Amino acid sequence: MNETVLTAALADVAGPRPRRYTVPVKVGTVEVGGGAPIVVQSMTNTDTADIAATVGQVAALARAGSELVRITVDRDEAAAAVPHIRERLDILGIDVPLVGDFHYIGHKLLTDHPACAEALAKYRINPGNVGFKDKKDRQFGQIVELAIKHGKAVRIGANWGSLDQELLTALMDENASSPQPLDARAVMREAMVQSALLSAQRAEEIGLAKDRIILSAKVSGVQDLIAVYRTLAERGDYAIHLGLTEAGMGSKGLVASSAALGILLQEGIGDTVRFSLTPEPGGDRTLEVKAAQELLQTMGFRAFVPLVAACPGCGRTTSTVFQELARDIQNWISSSMPDWKTRYPGVEMLNVAVMGCIVNGPGESKHADIGISLPGTGEVPTAPVFVDGKKVATLRGAGIAAEFKDMVSAYIERRYGVCADAAE
């Protein structure tokens, strides 16, 4: 490979492709698409009719960083609760926009409960179950008209598990008579794309502006999801919501979602994201928010919290000191961020390194804003600290962890505090 080709190849992988242009959509106070930062969203798993439980979970998700929160609106009791949920959140000072998730009877619930229709910032419609046969167009149109009346955005979300069967059957029949038929999964992917785009076209014909429409086409297979969203992005400029549906539990859900969404984001596709993770029984729902944030920050699209680089440990680092310090620093940062966001603007850009031995420790610490290289097995029990690439101190003894945390606090105050801003 000659130098010119090598330089071009390296440049091609140096960063993500430019974001594909999509029409900007306003969802409450949040802008989606049109070059706005990629938005993190999540969904509650409470019974929406339980106002206190739903308010508590929405608040937790919002405080964790969810910029949109979707709630289930599946019956009259849930619809009646929505305006009270919005009111209580406003009293708490939590202005996160609420998205109503409607299936089967959304048209009726929004009509019968105008306060619900007004309290929501966006309606989520599934074209696969908004209505069936002759009722489909009428009920879809009714929801769209209500969105127009109340000035709300709409997400038209096709889903692999509830695909429009009439459309799928028609495409399957057409494919069967083709001289070169595609495999069934390819036809299903095409049905997903068409379901979303045809529904969006119908919404526009009814009168919903393009800057009120967001599309999604969720499947549970990584390769299928990538193929569907690539096609969806190629055929239109609607704002796009990304998510691997039914991603699963634990590491499986995290890895699958990261793999699928990471590839699409790298290609410039996607304006909002959600990790559809199955929580452990009684588990923390905010994990899906943190996972989405970490993906976006790791890939360089957003910055939410200071990053802590730490080595994985090996036979040179049998001491647990660096592991404990890395954990303590990470937990301390997470718990401090709600306060730091107001006191230290820009602190989310901070990079901290906690390393375990002299192999990569000093070098990694120099690359961080502030870093420490703890002694490994058999090394001299000293820990050099680097600030902005320069060695500023050497810590020794049992108080290394506490001293380093004090140095991080001082660095944050000096660099991001009000006095630092005034000095600039």
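A residue counts as buried here when its relative accessible area is under 20%, as exposed when that area is over 50%, and as partly exposed in between (1.4 Å probe, protein chains only). Cys-116 gives us an easy start: with a relative accessible area of 1%, Cys-116 is buried. Before going further, note that this is a predicted model, where local features need pLDDT of at least 70, side-chain atom pairs count only at pLDDT 80 or more, and totals for chains, interfaces and linings use all residues. Residues are numbered from 1 along each chain as its sequence is written, and side-chain values use heavy atoms, with hydrogens and water left out.

Let's stay with the cysteines for a moment. A disulfide is a pair of cysteine sulfur atoms within 2.5 Å, and by that rule the count comes to zero. Take Cys-311: the closest cysteine sulfur to its own belongs to Cys-357 and sits 6.2 Å away, which is too far for a bond.

Salt bridges are another story. The term means a side-chain nitrogen of Lys or Arg within 4 Å of a carboxyl oxygen of Asp or Glu, and the structure holds 25 of them. One of these joins Arg-19 to Asp-271, with 2.9 Å between the closest N and O atoms. To place the two residues, it helps to know that helices (H or I, at least four residues) and strands (E, at least two) are DSSP runs, numbered from the N terminus. Arg-19 is in the loop between helix H1 (3-12) and strand E1 (25-27), while Asp-271 is in the loop between helix H10 (250-266) and strand E10 (272-278), so this salt bridge links distant parts of the chain, 252 residues apart. The two ends differ in their surroundings: Arg-19 is partly exposed at 26% relative accessible area, whereas Asp-271 is buried at 2%.

Now look at Asp-164 and Lys-136, whose side chains meet in a salt bridge at 2.0 Å, N to O. Asp-164 lies in the loop between strand E7 (153-159) and helix H7 (165-176), and Lys-136 belongs to helix H6 (residues 135-150), so the pair ties together parts that are 28 residues apart in sequence. With 8% relative accessibility, Asp-164 counts as buried. Some salt bridges also share partners, and in this way Asp-47, Asp-74, Arg-75 and Glu-77 are joined into one network. Within that group, Arg-75 and Glu-77 form a salt bridge with their closest N and O atoms 3.6 Å apart, and Arg-75 counts as partly exposed at 29% relative accessibility.

Next come some strands. Strand E12 (residues 351-355) is mostly covered, since four of its five residues are buried. Two strands pair if DSSP finds at least two bridges between them. E12 has a parallel partner in strand E11 (residues 307-310), and four bridges join the two; here Leu-307 stands opposite Asn-351. Strand E13 (residues 370-373) also runs parallel to E12 and is joined to it by four bridges, with Ser-373 in E13 as the bridge partner of Met-355. How does the chain get from E12 to E13, and what is the handedness of the unit they make with helix H13? E12, helix H13 (residues 361-367) and E13 make a right-handed β-α-β unit. Right-handed means that, with the strands pointing away from the viewer, the path from the first strand over the helix to the second runs clockwise.

Helix H14 (residues 400-416) is worth a closer look. The expected span of a helix is 1.5 Å times one less than its number of residues, so the 17 residues of H14 should span 24 Å, and the end C-alpha atoms are indeed 24 Å apart. Its buried residues are Ile-400, Phe-404, Val-408, Tyr-411, Ile-412 and Tyr-416. These cover an arc of only 110 degrees around the axis, so they fall on the same side of H14; the arc is that of the directions from the helix axis to the C-beta atoms. On the other side of H14, Asp-406 and Arg-414 are exposed.

Finally, a few backbone details. Most residues other than glycine have a negative phi. Glu-246, though not a glycine, has a positive phi of about 50 degrees. Glu-246 lies in strand E9 (residues 239-249) and is exposed, at 55% relative accessible area. Asp-388 also has a positive phi, near 50 degrees, and is found in the loop between strand E14 (382-387) and strand E15 (390-396).
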